[in-house]
Amino acid sequence: NDHKIACLSIKDKPKFKWRGMLLDCSRHFMDINFIKRYIDLLAFHKMNVLHWHLTDDQAWRIEIKQYPKLTSMGSFRKQKDGSLYGGFYSQEQITDIIYYASQRGVCVIPEIELPGHCIAALAAYPEYSCSGGPFEVETDWGVFKEIYCAGNDQTFTFLENILDEVISLFPSEYIHIGGDEVPKYRWERCEKCISRMVDQELEDVHELQSYFIQRIETYLNEKGKKIIGWDEILEGGLAQDATVQSWRSFEGAAQAAKMGHDAIVSPTSHAYFDYNLNAIDLKKVYSFDPIPEGLTEKESLHIIGGECNMWTEHAPQDIVESKIFPRMLAMAEVLWSPKVLRDFEGFQNRKSLHDQRLIAWGVDSGLESDPLNATWDKGSDVFGVEVQVEAALDRIEGEVIFTPLSSRLTPSHHELGSRIFVKGEGVLEAVLTRDGRPLRDAVLLPVAGHIGVHSDASIGHSLSPYYPGGGERGLADGRLGSIDFRDGCWQATQSENMSITLTLPQTIQLDSLSMQCYRYQDAWIFLPQTLAFGWSVDGVKWEESRIDLHTYSGSHVLSPTDAQDIVRIACAVDASARFIRMEAVNPGSCPDWHDAASSPSWMFLDELVVHGQ
């Protein structure tokens, strides 16, 4: 049958010209058909940039004919079980992907990481490092000390030859050169790099990084290309025509715009789709405004758009789609529509219709938000955490199981939509199905129902914009940080001590105090040097228990370990108290044996648990 549509006129245009999605194919390899599907979904939602992360410490994925070992050696890594994992894209496959994307209005921007995140390349060609190797392609995630040697002219010849082949493949206006997370340990100790700083009259290694980036930019400019780099390229002086991609916060974009440089905004607070829903849910993405506060109208014109980042350290191909959707729907509308025309309720109404299309296309959508929401509640003489389990979402069914840490208590089962009162510590697990099929992962919420939950609190440290962990009361809100340090529960500082003081509603008889500490040294996260608990009846006279973590249960604060774990520091207390405090001393810079030696370390803490009666 013929279908007729009445005449109409539509006037529509995007708010931002850069509407991008990063796909990290270095940490986990994605096959060609998956990338094409990814491009189709981008194009349908009016996203117009595929930022293709092709090189990193864990793999080199792009064929470079002049340097065949980049793929024969650098594209595979040895897993802990001894097997090899990897793959790469031939130049013919890359050309096919670029053409496929161009037919759908999507521009493919390659990212070739430098001067750091390059161990996969150095494993194949160690002569371009400061130390000479040998190296193996990294199997762990993190930031490592091995970087390209800035004092060796042959390093630049090597990179320029690589970039020549990249340029011949990618017609894009931009080449992304990374520039993030560059430990300076090797440069500080490299005779060639020190000589380079003297010859170029550079004050420090930060200016040496700027020299490195500017030299690469000059070469690419001569070839008709512009560079994009992560916001660390602002350190030591920004290259002349560089575009800044701001990931650590909005600050890098604001700084670039005020300097007259274009900026792309993709902060960890709103745009990292590898983060779980308890850190970034659909509503959080929809609240994203790429334009930083405090810019003039003219400066705002330098914010060319935003990008959502799909990093894949913990997301192999089979779970990427459920991480992206439905959050990409919110990002697509944010980057297309003026802020004054956006409202979340209207978006959800439109989304409910659009969901039927996603179902028809077989899109593996995840949840909109975390169904477990911990709030504070207090009965007449019982302290604990009340958890409101969200009512069943569209087509979602299941149950919630509470498993207490104490073996003396038995697990309990609860329906979606119920309220659960939790006293003591344990894990809530939402086991969900959609249309009768189990969702990929259970939703977990570690909780602690204790006397200090949501007491009056004051902290003695600055809240990190990256890891605020629930704010002023986040260290005593009843939520326990999980093994994923990006879950929104952990509170972190870098090069700063941490402290919190609680004022309980009334004087109690204390039994114990404890604090969770996160350790992941590959990501520069160390245990505190020392941790002290204090208690007082009047807030004036204090008793204290100070614990040296060098000797606490063999924790070895600054000893080499690849552990990614949670260390609970606890002390028994038999005293009356109304005031409770915790003080943690930062362990200082990463030690010499560490890949980020001399860089400031991070300290992650969560939940000062107060038990008593």
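Me: In this predicted model, arginine 27 and aspartate 56 come up as a pair: are they buried or exposed?
Reply: Arginine 27 is buried, and aspartate 56 is too. That label calls for under 20% relative accessible area.

Me: What makes arginine 27 and aspartate 56 a salt bridge?
Reply: Their closest N and O atoms are 3.3 Å apart, and the cut-off is within 4 Å, so the pair counts. Arginine 27 sits in the loop between E1 and H1 and aspartate 56 in strand E3, so the bridge ties together parts 29 residues apart in sequence. Both also belong to a salt-bridge network with Asp24 and Glu313.

Me: How do you know that arginine 104 and aspartate 40 form a salt bridge?
Reply: Same kind of check: N to O is 2.8 Å, and the limit is within 4 Å. Arginine 104 is in the loop between H3 and E7 while aspartate 40 is in helix H1, so the link joins parts 64 residues apart in sequence.

Me: Why is arginine 104 called partly exposed?
Reply: Its relative accessibility is 35%. Buried needs under 20% and exposed needs over 50%, so arginine 104 lands in between.

Me: And why does isoleucine 10 count as exposed?
Reply: Isoleucine 10 has 68% relative accessibility, and the bar is over 50%. It joins Ile5 and Leu8 in a nonpolar surface patch, with about 390 Å² of accessible area together.

Me: Why is H5 called oblique to H8?
Reply: The two helices pack at about 40°, with axes 11 Å apart. Roughly parallel needs under 35 degrees and roughly perpendicular starts at 65, so H5 is oblique to H8.

Key:
Residues numbered from 1 in each chain as written. Predicted model: local features only at pLDDT ≥ 70, side-chain atom pairs only at ≥ 80, totals over all residues. Heavy atoms only, no water. Patch = residues over 30% accessible without salt bridge, like charges linked within 9 Å, V, L, I, M, F, W, Y side chains within 5 Å. Areas by Shrake-Rupley, 256 points an atom, 1.4 Å probe, with all protein chains shown as cover. Salt bridge = Lys/Arg side-chain N within 4 Å of Asp/Glu carboxyl O. Buried < 20%, exposed > 50% of the residue type's maximum accessible area, 1.4 Å probe, protein only. Axes fitted to C-alpha atoms, helices over the stretch in contact; angles between N-to-C directions. Helix = DSSP H or I, 4+ residues; strand = E, 2+ residues; numbered from the N terminus. Parallel < 35°, antiparallel > 145°, perpendicular 65-115°, else oblique.
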